[in-house]
Amino acid sequence: GGAAKAAVEEEETPVAQLANAAGPSRAAPPPAAAQKVDLSKLPATGAIVWGNPSGAPVTIFTDLHCGFCRALANELEQMNVRVIERPISTLGTRDLSNRVYCAKDKPRALRAAYAGAEVPAASCDTSGLDANENFARTHGFSGTPVLVNTSFNGFHEPLVCSPRDAIRVFYGSGVDLLALEN
């Protein structure tokens with residue numbers, strides 16, 4: 001899989017579904033068309049934040065039984081980014097999402113869930129997860145992971161401002177898919 005880069009979360013952001021985070025051993029479905037979504041409508045409470053607190057933010061929507069999500073999380077752990085993970089239950093994992101979300105140490109519970117380990121039952125207000133699910137449904141996120149690209153630029157380069165810039169950065173970035181739209 002390729003590396004994903006993100007910078008500052010903006011009000012409207014392009015969305016791309018990661019196609020081959022699990023590597024060449026498993027064929028991924030074709031990626032969904034990119035679309036713009038407004039992340040500001042989501043409550044902060046719906047996110048599990050992990051990684052480098054001062055790193056560039058990367059927002060992902062995941063299902064805790066999704067092999068591609070696990071592969072993406074493993075790749076992001078190796079990067080110097082702050083991950084804003086928003087669990088959704090596309091594979092019937094709402095109970096597991098609740099357990100992870102209500103855990104005292106959410107990032108640790110998240111890693112345990114991806115590893116297939118038991119996550120102890122816990123209860124709390126899960127309205128943040130409800131908001132994630134509603135947001136995903138509204139925007140047609142029917143598969144996971146969904147990687148929200150809040151910017152597209154090369155390392156220490158300004159943001160991409162034209163299709164020519166996007167293609168130039170794409171070839172040097174290791175990103176697996178580039179979708180351009182009007």
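The following questions and answers concern the fold and salt bridges of a predicted model.

Student: How many helices and strands does the secondary structure of the protein come to?

Tutor: Read from one end of the sequence to the other, the elements follow the pattern β-β-β-β-α-β-α-α-α-β-α. The secondary structure therefore comes to five helices and six strands, each a DSSP run.

Student: What share of the contacts with a separation of 6 or more do residues 24 or more positions apart account for?

Tutor: A contact here requires heavy atoms within 4.5 Å. Among contacts in the protein with a separation of 6 or more, residues 24 or more positions apart account for 75%.

Student: What percentage of the residues in the protein is buried?

Tutor: A residue counts as buried when its relative accessible area is under 20%. The protein has 182 residues, and the buried ones make up 43%.

Student: How much of the area that the protein exposes is supplied by carbon and sulfur atoms?

Tutor: The protein exposes about 9,800 Å². Of this area, carbon and sulfur atoms supply 53%.

Student: How many salt bridges does the count come to?

Tutor: The rule asks for a side-chain nitrogen of Lys or Arg within 4 Å of a carboxyl oxygen of Asp or Glu. By this rule, the count comes to five.

Student: Is Asp38, the partner of Lys41 in a salt bridge, buried or exposed?

Tutor: The closest N and O atoms of Lys41 and Asp38 are 3.4 Å apart. Lys41 has a relative accessible area of 65% and is therefore exposed. For Asp38 the relative accessibility is 14%, which is under the 20% limit, so Asp38 counts as buried.

Student: Which residue forms a salt bridge with Arg94, the closest N and O atoms being 2.7 Å apart?

Tutor: Arg94, at 23% relative accessibility, counts as partly exposed. Its partner is also partly exposed, with a relative accessible area of 34%. The residue that forms this salt bridge with Arg94 is Asp130.

Student: How many residues apart are Arg94 and Asp130?

Tutor: Arg94 belongs to helix α2 (residues 94–102), and Asp130 to helix α4 (residues 127–138). The pair thus links distant parts of the chain, with a separation of 36 residues.

Student: Which helix holds both Asp95 and Arg99?

Tutor: Asp95 forms a salt bridge with Arg99, and their closest N and O atoms are 3.0 Å apart. The two residues are four positions apart, about one turn of the helix, and both lie in helix α2.

Student: Which residues are joined into one network by salt bridges that share partners?

Tutor: Arg94 forms a salt bridge with Asp130. Through shared partners, salt bridges make one network of Arg94, Asp130 and Glu133.

Terms used. Residues numbered from 1 in each chain as written. Predicted model: local features only at pLDDT ≥ 70, side-chain atom pairs only at ≥ 80, totals over all residues. Heavy atoms only, no water. Buried < 20%, exposed > 50% of the residue type's maximum accessible area, 1.4 Å probe, protein only. Areas by Shrake-Rupley, 256 points an atom, 1.4 Å probe, with all protein chains shown as cover.
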